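Dear colleague,

I am passing on the structure we spoke about, so that you can have it open while you read. My notes on what was found in it follow below.

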Amino acid sequence: MEPRDTPLSARPRRDTLASMIPSCQELVARLDRSVEAGSVDAITRCVKADLEDLLGRGAVALPEVFRQARPDTYARRLLHRDPRGRYTAIVMTWGPGQGTPVHDHGGLWCVEGVVEGQIAVTQYDVTPAGGDEFAIAARDTIMAGTGTAGRLIPPTDYHVISNALPDSPSLTLHVYGGDLCECQVFMPTANGRYASHLRSLSFHE
Ligand SMILES: [Fe+2]
């Protein structure tokens, strides 16, 4: 008999990976419940509590593939995409010195939790500065360690995340209120202002 390819329907879908990781099944069950909490404020409070509880007691054990830092940029890997489109859960792995530019989340709410290590989160005020340019001012920086989580709610969600550890990776888990395909990033211009660009987002591995 000729060897046959595995039927598409029998293959694990990339967006159901979390359901195959025993330690992530409680995470998905909790998030499924929390995204039904009502308002964005209520949902993000519930998701924040979920992440602080689960990550705080080490209840999300990620497979090795999620732990690999990349030399060129921070790694961004899909853990779970809600089949009903209500949220996605994404793991990011930050090598020493890696971080983001100032960015938003395309209008989606987000809750970010620290799985391992320590990250710095700086929030920014962004104001039009004439033409296509913007002025950007740092508001405050939070140093976040394992088991802590923070909410980012539009329209005041401009921020930078970076690894605060100088010699080892940090891992974070981000829950977005939908499928984040592109975001707005702000890059410095020659005159000290910033220019806005749309950045398409994809997943590693
Ligand atoms: Fe972000």
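Which spacing do the donors of the iron ion follow along the chain? They follow the pattern H-x1-H-x53-H, and please keep in mind throughout that this is a predicted model. The three residues that coordinate the iron ion are His103, His105 and His159, each through its NE2 atom, at 2.1 to 2.2 Å. Two of these, His105 and His159, link distant parts of the chain, since His105 lies in the loop between S3 and strand S4 (110–116), while His159 belongs to strand S8 (residues 159–163), 54 residues apart.

As for their surroundings, His105 has a relative accessible area of 1% and is therefore buried, the cut-off being under 20%. His159 counts as buried as well, with a relative accessibility of 0%.

Turning to the strands, S3 (residues 102–103) pairs with strand S10 (residues 182–188) in the antiparallel sense, over two bridges, and within this pairing Val102 stands opposite Phe186 in S10. Strand S10 also runs antiparallel to strand S11 (residues 194–200), to which seven bridges join it, and here Pro188 is the residue that stands opposite Tyr194 in S11. Between S10 and S11 the hairpin has five residues, and in this hairpin Gly192 takes a positive phi near 85°.

With best wishes

Note on methods. Residues numbered from 1 in each chain as written. Predicted model: local features only at pLDDT ≥ 70, side-chain atom pairs only at ≥ 80, totals over all residues. Heavy atoms only, no water. Pairing = 2+ DSSP bridges. Helix = DSSP H or I, 4+ residues; strand = E, 2+ residues; numbered from the N terminus. Donors = N, O, S within 2.8 Å, 3.2 Å for Na, K, Ca; no water. Buried < 20%, exposed > 50% of the residue type's maximum accessible area, 1.4 Å probe, protein only.
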